[in-house]
Amino acid sequence: MSTVTFTEEFSSTVAAARLFKALILDGDNLIPKIAPQALKNIEILEGNGGPGTIKKINLAEGSKFAYMKHRIDVLDEATMTYSYTLIEGDPLMDKLEKVTYETKMEASENGGATGKSGSTYYTKPGVEIKEEEIKAGKDKAVGLLKAVEAYLLANPEIYA
């Protein structure tokens with residue numbers, strides 16, 4: 001098994017704590033509401049929402065993939081750190097054993113947020129994966145971040 005890792009930085013004009021609350025802590029409810037074209041629903045299969053929790057993400061009708069399962073590895077509101085592992089589902093494409101994701105946010109000097117997001121792809125033996133093959137997934141993640149940001153800017157009283 002080999003690994004491929006990608007890291008990206010992001011920024012937002014939305015306060016870090018508010019963005020973390022909306023995107024991470026309440027994302028299961030918020031994201032299907034504001035992006036129904038991407039996600040149908042998210043259900044907890046095991047756990048209480050903290051580390052060790054298994055979630056099933058059902059993707060929208062017409063999506064290239066039907067579902068995926070995540071295991072939460074770290075959820076720390078104080079440090080605004082979140083990591084999870086994609087453990088099952090169509091996005092693994094018979095090429096990947098798993099994918100781990102990490103996000104860390106912090107307050108920026110202008111009152112918004114800055115952060116880093118990383119993903120590590122663990123390929124099955126004999127499989128090589130190229131950045132182009134995962135670009136669509138990365139683009140969708142950025143799109144969801146922008147959708148949450150736009151929703152929060154349009155609704156300043158929510159998650160305040």
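Is tyrosine 121 buried or exposed? Select this residue to begin: tyrosine 121 is buried, with a relative accessible area of 5%. The model on display is a predicted one.

**Stop one: phenylalanine 6 and tyrosine 121**

The structure holds 3 aromatic pairs. For one of them, keep tyrosine 121 selected and add phenylalanine 6; the two rings form an edge-to-face pair, with 6.0 Å from centre to centre and 75 degrees between the planes. This pair joins distant parts of the chain, since phenylalanine 6 belongs to strand E1 (residues 3-12) and tyrosine 121 to strand E7 (residues 113-123), 115 residues apart. Phenylalanine 6 has a relative accessibility of 15% and therefore counts as buried, because the cut-off for buried is under 20%.

**Stop two: tyrosine 84 and tyrosine 101**

Next, select tyrosine 84 and tyrosine 101, which form a stacked aromatic pair: their centres are 4.8 Å apart and their planes differ by 20 degrees. Here too the pair links distant parts of the chain, with tyrosine 84 in strand E5 (residues 81-89) and tyrosine 101 in strand E6 (residues 96-107), 17 residues apart. Tyrosine 84 has a relative accessible area of 17% and is buried. Now add Tyr82 to the selection: ring pairs link Tyr82, Tyr84 and Tyr101 into a cluster.

**Stop three: charges over rings**

Turn now to lysine 56 and tyrosine 67. The charged end of lysine 56 sits over the ring of tyrosine 67, at 5.2 Å from the ring's centre. Finally, select lysine 98 together with tyrosine 122. Lysine 98 lies over the face of tyrosine 122, and the distance to the ring centre is 4.7 Å.

Notes:
Residues are numbered from 1 along each chain as its sequence is written. This is a predicted model: local features need pLDDT of at least 70, side-chain atom pairs count only at pLDDT 80 or more; totals for chains, interfaces and linings use all residues. Side-chain values use heavy atoms; hydrogens and water are left out. Rings of Phe, Tyr and Trp (its six-membered ring) pair if their centres lie within 6.5 Å; planes under 30 degrees apart count as stacked, over 60 as edge-to-face and the rest as tilted. Helices (H or I, at least four residues) and strands (E, at least two) are DSSP runs, numbered from the N terminus. Buried means under 20% relative accessible area, exposed over 50%, partly exposed in between (1.4 Å probe, protein chains only). A charge sits over a ring if NZ of Lys or CZ of Arg is within 6 Å of the ring centre and within 35 degrees of the ring normal.
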